[in-house]
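This report goes through one protein structure for a reader who has not met it before. Please look over the sequence and the model first.

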Amino acid sequence: MTVSALPLNVPLPPLEEILSATRVVTLPMRVKFRGVTLRETALIQGPEGWGEFAAFTEYEPVEASAWLACAIEAAWLPYPQPLRTSIPLNATVPAVPAQAVEDVLARYQGQVREIKIKVAEAGLPFEESLAQDLARVAAVSAACPDAKLKIDANGGWTEAQAVRALNELSDYDLLYAEQPVPGIEGLARVREALRARGNPLLIAADEAVRKADDPLRVARLGAADLMIIKAAPLGGVRRALELVEQAALPAVVSSALESSVGIRTGAALAAALPQLPYGCGLGTVSLLAQDVTPSPLVARDGYLPLRDITPDPRLLEEAAASPERTAWWHRRIEACYRLLDQAVA
């Protein structure tokens, strides 16, 4: 995917300045999420505050460079003017066994209004995985009967599997299904197959938006009813706002397992959107066993307050990555920086 680095007319800060302002941390998880039990991430301090470069370690520089652009934007530019001071959220339930659902939900403070449930866990045969998905969704429904439910497959099904699974899971009156299959064309075919069977379940595009060379094809092909957007992989809050405006589809802002610093950036995006018809996926700090601030950015009664986050020096020191891992992140930042520098040249 080709990315341009920053909003126009904003110069890229010197690499040395970025590296000297970077703090690499390792944060333990309460539960495994996306196969991760320890979350490594880089926090960057700039003249406007802090940004977070949290691209997953398997991402190559071409993809990760957009995440660095977002971190730089957050640290060097003020956020756009907010339209709201609190953000409606969903709770997130990872692909845990059904008996662990209540423990996950107990970490969310107050009333839970919407819940996103991970399904289609990799590494399992489809029949076994689907049985676990159905049990997990049933457990969530039983634990929070008044909450609205939605599922996220992260592109884990084939088209045939998706049609079958979504028809069965639709018994739980889902708000929408997020990225049931990979790609844009696959989404369009699954959506069409559901409609042919009389199933009105809404389809949300996630990876199909942020990993495509042309995210707007989702709208043109009628592949989805709404978009899941993340500030970091789209290159920052401003670029994400432009994409939503051009696509003319409802948007839900989600996180990528960041610390409270990165969640603050996601909250800035959600606060600046003209409309927020669904709860956003910015509640994942609750999945961390450790954060970089003594006052983590978490929701209460289903709403996330819009407030700035400044990492605590003591917590940064406690969570500091090893010198070897810090050096690895510095090399990664340098590789991504070269791509951004070429893009804005």
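The text below covers the strands, then the empty spaces, then the cysteines.

**Strands and sheets**

The model is predicted. One open sheet is built from three strands in the order β1-β2-β3, and their pairing is antiparallel. The edges are taken by β1 (22–33) and β3 (49–53); each has a single partner strand, so one side of each has no neighbour in the sheet. Direction ignored, neighbouring strands of this sheet are turned by 35° against each other on average.

Strand β2 covers residues 36–46 and pairs with β3 in the antiparallel sense over five bridges. Leu43 has Glu52 in β3 as its bridge partner. Strands of a sheet pair through backbone hydrogen bonds, and the sense can be parallel or antiparallel.

The parallel sense is found between β5 and β6, which pair over four bridges. Here Val93 has Ile117 in β6 as its bridge partner. Strand β5 consists of residues 90–93. Asn90 and Thr92 point one way from β5, while Ala91 and Val93 point the other way. Are these four residues buried or exposed? All are buried. In a regular strand, side chains alternate between the two faces of the sheet.

**Cavities and the largest pocket**

Rolling a probe the size of a water molecule over the atoms shows where empty space is left. The structure holds two cavities of 30 Å³ or more. The table sets them beside the largest pocket.

| Space | Volume | Nonpolar lining residues | Polar lining residues | Charged lining residues |
|---|---|---|---|---|
| Largest cavity | about 110 Å³ | eight | five | three |
| Second largest cavity | about 90 Å³ | five | five | two |
| Largest pocket | about 610 Å³ | twelve | eight | 13 |

The largest cavity has a volume of about 110 Å³. It is lined by 16 residues, and the closest to its centre are Ala231, Ala232, Glu258, Gly262 and Gly266. Which helix gives the largest share of this lining? Helix α10 (residues 260–272) does, with four residues.

The lining of the second largest cavity includes Leu89, Asn90 and Ala91. Among its other lining residues are Tyr108, Gln109, Gln111, Val112, Arg113 and Glu114. Gly283, Ala299 and Gly302 also line this cavity. Asn90 and Ala91 belong to β5, where they point in opposite ways.

About 610 Å³ of space lies in the largest pocket. Of the 33 residues that line this pocket, the closest to its centre are Phe33, Arg34, Gly35, Lys118 and Asn154. The elements that give two or more residues to the pocket lining are β1, β6 (114–118) and α7 (207–210). Strand β1 is also an edge strand of the antiparallel sheet, and β6 is the parallel partner of β5.

**Cysteines**

How many disulfides does a search of the whole structure find? The search finds zero. Cys144 is in no disulfide, and the nearest cysteine sulfur, that of Cys280, is 19 Å away. A disulfide needs two cysteine sulfur atoms within 2.5 Å, so a sulfur 19 Å away does not qualify. Cys144 is buried, with a relative accessible area of 16%. Cys280 is in no disulfide either; for this residue the nearest cysteine sulfur is that of Cys70, 15 Å away. Cys280 counts as buried because its relative accessible area is 0%.

Definitions and conventions. Residues numbered from 1 in each chain as written. Predicted model: local features only at pLDDT ≥ 70, side-chain atom pairs only at ≥ 80, totals over all residues. Heavy atoms only, no water. Buried < 20%, exposed > 50% of the residue type's maximum accessible area, 1.4 Å probe, protein only. Pairing = 2+ DSSP bridges. Axes fitted to C-alpha atoms, helices over the stretch in contact; angles between N-to-C directions. 1 Å grid on protein atoms, 1.4 Å probe; cavity = no way out; pocket = protein on both sides within 12 Å on 5 of 7 lines; lining within 4 Å. Points joined across faces, edges and corners; volume = space filled by probe spheres on them. Nonpolar A, V, L, I, M, F, W, Y, C, P; charged D, E, K, R; others polar.
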